[in-house]
Amino acid sequence: MKLDKYIYALLIISAVHFSSCNPKPISQEISIVLDLTSANFSHILLNDFKKKSIISKNVNNSETVRIQGITEFGFNEVKSFMIDSVSSALLSNDYERKHEIKKYYSNIDSVLLELSKNKRERVGSVIFKIISEELNMLSKSKADRKLLIINTDLMEKSFIDYYDQDIFNEIVNQPKNIQKLLVQKYPLNKLNGIEIQILYKPIDKMDSKRFEIVSDFYKLFLESYGAHVSIG
């Protein structure tokens, strides 16, 4: 009887120690928008995504990802994937969890590669509508972490045309006017707690300078709504 009590106590102590060494699972929601309006655009790959995925940091975490392209249209197909958390590592099956994670990443890889094949020169580029919708969705999310990855040069060509020199000059000299136009067309919620990463690889010096101007415009704009924005 004493031996049974000793073993029982040892199991409880081990479980408490094990749980203290394994942090409570957290959740993350990620939205990814990829620009498909030029064949020259560089897209993120699976390894880039894994660096942002909290599943790579703790296999017991949960994560949801939405992926869609930016085209000349305001409505595009959205691919969504989710992997649930494991509430207790003691109850998890390592083999099943590894298989689940492998399938999750494989699905994301397939979508990223498939979208990359659809890059081509297009007559327009509806960017802010897509960004605003994803941000508004993230603003309502209950996830512990919220991230939007914007993989584009940000050069809108829809109801407003950034390639028009007068509009571009206004972005530089009167950015508030352009911001007002954007949110009048596509309103934004408060973005507190949302991280935004703007990623783009310029093709030449002029493209680099233009991206620097437009990305800084969006950084100040979106941070005024409470988001944390980084450019890379």
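Tucked away in α4 are nine-odd familiar names to start from: F128, K129, I130, I131, S132, E134, L135, N136 and L138 are its buried residues, buried meaning under 20% relative accessible area, exposed over 50% and partly exposed in between (1.4 Å probe, protein chains only). The model is a predicted one, with local features needing pLDDT of at least 70 and side-chain atom pairs counted only at pLDDT 80 or more, while totals for chains, interfaces and linings use all residues. Residues are numbered from 1 along each chain as its sequence is written, and side-chain values use heavy atoms, leaving out hydrogens and water.

Overall, α4 is mostly covered, with 9 of its 12 residues buried. Helices here are DSSP runs of H or I with at least four residues, strands are runs of E with at least two, and both are numbered from the N terminus. From first C-alpha to last, α4 reaches 16 Å, close to the 16 Å expected at 1.5 Å a residue; the expected span is 1.5 Å times one less than the number of residues. The buried residues of α4 pack against β1 (27-35), β2 (62-70), β4, α6, β5 and α7, a contact being heavy atoms within 4.5 Å.

L135 also turns up in the largest nonpolar core, which has 37 residues; L135, Y162, L182, I196, Y218 and F221 have the most contacts inside it. Such a core is a set of buried Ala, Val, Leu, Ile, Met, Phe, Trp, Tyr and Cys residues joined through side-chain atoms within 4.5 Å. Two or more residues each come from α4 (128-139), β4 (145-151), α5 (165-173), α6 (175-185), β5 (194-199) and α7 (205-223), and α7 gives the largest share, 6 residues. Not counting residues up to four places away in sequence, L135 touches L148, L188, L191, I194, I196 and L222. Another core, of 21 residues, lies apart from this one and includes I30, I55, I108 and L147.

As for the sheet, 6 strands form an open, mixed arrangement in the order β3-β2-β1-β4-β5-β6; strands pair if DSSP finds at least two bridges between them. β3 (78-83) and β6 sit at the edges, each pairing on one side only. β5 and β6 pair in the parallel sense over 4 bridges, and I196 stands opposite V229 in β6. α7 packs on the sheet, touching β5 and β6, and its direction makes about 170 degrees with that of β6. Axes are lines fitted to C-alpha atoms, for helices over the stretch in contact, and angles run from 0 to 180 degrees between N-to-C directions.

Finally, G226 falls in the loop between α7 and β6 (228-231). G226 is partly exposed, at a relative accessible area of 29%. Leaving aside neighbours within four places in sequence, G226 is in contact with L191, N192 and G193.
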